[in-house]
Amino acid sequence: MQYPEPIAKLIESYMRLPGIGMKTATRLAFTTIDMREEDVNAFARALISVKRDLHFCSVCGNITEEDPCEICQDKTRDRSTILVVEEPKDVMAMEKMKEYHGLYHVLNGVLSPMEGTGPEDINIESLLKRLHDPAVKEVIIATNATAEGEATAMYLSRLIKPAGIKVTRLAHGLSVGSDIEYADEVTLLKAVEGRREI
Ligand SMILES: [Zn+2]
C-alpha cells in the first residue's frame, strides 16, 4: 500500500534534509499531520521566508536581510581586520564570543578537488576586491581544520600575501577536524589570540 500523495510528497521533502532517512522522514511527516494547522502554516511560512527574505551580503557573503549586512555597515567595527570563514554559521559562532570586532568574509564553501569545488565556486573574488581598501592590514583565515580547510587557507595565503597584507591562521586550539561552529567560546578566543602568521 502506498501513502496518499500529500504524505508521500512531504516524506520526500523531509528526506532531502541532511541526515534524514526514510524512517525519520516518515515519522516527521506523521508528526506534521498531528500538528495544529496554525503551527504548520507558521512552519511553511518560515521555510518560504528563508529563501525569499535572505540574501548574501554583496560585500562579505554573509546571509542577511539587508545588503550590505549589519556587520559590514557597522562603522564602529575595526576595518583593518577581515576574518575569513567557511559558512555563515561560523560568523554566528565568532560573534557569540563577543571578542572579535573586525569584519568578516564568508566563503560559502571550501576548496575541494574531491567534490570538484574550485576557487571560482566559492566567494574568493569578492574577498580579493576588498583587499584594495588600504584600511585592510590583516586577513585571519578561520577555515576549519580539515584537509579542505587547510588547503583553502594555503591557497588564500598565496593569493593575499603579495598584496603586502598580513595573513594569519587560527591557532590549533581547535583540534584537527573540529568545526568552528561547535567550538566553545573560550577555545575560540584562544584560537584567535594565538593566531600565527602563514
Ligand atoms: Zn556583509
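**Entry 1: N108**

I looked up N108 and found it in the loop between strand 4 and helix 6, residues 125-130. The model is a predicted one, and I read each value below with that in mind. Phi of N108 is near 55°, a positive value in a residue other than glycine. I noted the background: most residues other than glycine have a negative phi. Is N108 buried or exposed? N108 has 16 C-beta neighbours inside 10 Å, so I put it down as partly exposed.

**Entry 2: K98**

I then turned to K98, which also has a positive phi, about 60°, although it is not a glycine. K98 sits in the loop between helix 5 and strand 4. I counted 9 other C-beta atoms within 10 Å of K98, and 12 or fewer count as exposed, so K98 is exposed.

**Entry 3: the cis bond**

I checked the peptide bond from D67 to P68 and found it cis, with omega near -5°. For comparison I wrote down that most peptide bonds are trans. Where does P68 lie? I placed P68 in the loop between strand 2 (63-64) and helix 4 (70-73). P68 is also the residue at which the range of domain 2, 68-197, begins.

**Entry 4: the whole protein**

I stepped back to the overall layout. I listed eight helices and seven strands in the protein. The C-alpha atoms fill a box of roughly 65 × 35 × 35 Å along the principal axes. The protein is divided into domain 1, residues 5-52, and domain 2, residues 68-197. I noted 34 Å between the centres of the two domains, taken over C-alpha atoms. Of the 198 residues, 26% are buried. I also looked at contacts between residues at least 6 apart in sequence, and 53% of these join residues at least 24 apart.

**Entry 5: I20 and R45**

I picked I20 within the range of domain 1. I20 is in the loop between helix 1 (5-14) and helix 2 (22-34). Which residues does I20 touch, leaving out those up to four places away in sequence? I wrote down Y14, M15 and A25. With 16 C-beta neighbours inside 10 Å, I20 counts as partly exposed.

Next I took R45, which has its place in helix 3, residues 37-52. R45 has 11 other C-beta atoms within 10 Å and is therefore exposed. I also took the distance from R45 to E87: 24 Å, C-alpha to C-alpha, with their positions 42 residues apart in sequence.

**Entry 6: the sheet**

I traced the open sheet and found five strands in the order 4-3-5-6-7, with mixed pairing. Strand 4 (102-106) and strand 7 (196-197) are the edge strands, each pairing on one side only. As background, I recalled that strands of a sheet pair through backbone hydrogen bonds, either parallel or antiparallel.

I followed strand 5 to both sides. Strand 3 and strand 5 pair in the parallel sense over four bridges. Strand 5 (residues 138-141) and strand 6 (residues 166-169) run parallel too, joined by four bridges. Which residue of strand 6 is the bridge partner of I140? I found T168. I141 has a bridge partner in strand 6 as well, R169. On the strand 3 side, I141 is the bridge partner of V84, and I141 thus appears in my notes with partners V84 and R169.

I then looked for a helix on the sheet. Helix 7, residues 147-160, packs there, touching strand 3 (78-85), strand 5 and strand 6. The direction of helix 7 makes about 170° with that of strand 5.

**Entry 7: helix 5 and helix 8**

Last, I looked up a helix pair. Two packed helices are described by the angle between their axes and the distance between the axes. The axes of helix 5 (residues 88-97) and helix 8 (residues 185-193) come within 9 Å and cross at roughly 95°. Angles of 65 to 115 degrees count as roughly perpendicular, and helix 5 and helix 8 are therefore put in that class. Which residues make the contact? From helix 5 I listed A93, M94, K96 and M97, and from helix 8 E185, L188 and L189. I sorted these contact residues into five nonpolar, no polar and two charged.

Methods:
Residues numbered from 1 in each chain as written. Predicted model: local features only at pLDDT ≥ 70, side-chain atom pairs only at ≥ 80, totals over all residues. Axes fitted to C-alpha atoms, helices over the stretch in contact; angles between N-to-C directions. Helix = DSSP H or I, 4+ residues; strand = E, 2+ residues; numbered from the N terminus. Parallel < 35°, antiparallel > 145°, perpendicular 65-115°, else oblique. Contact = placed C-beta atoms within 7 Å. Nonpolar A, V, L, I, M, F, W, Y, C, P; charged D, E, K, R; others polar. Pairing = 2+ DSSP bridges. Domains from an automatic or database assignment. Buried ≥ 20, exposed ≤ 12 C-beta atoms within 10 Å, placed from the backbone.
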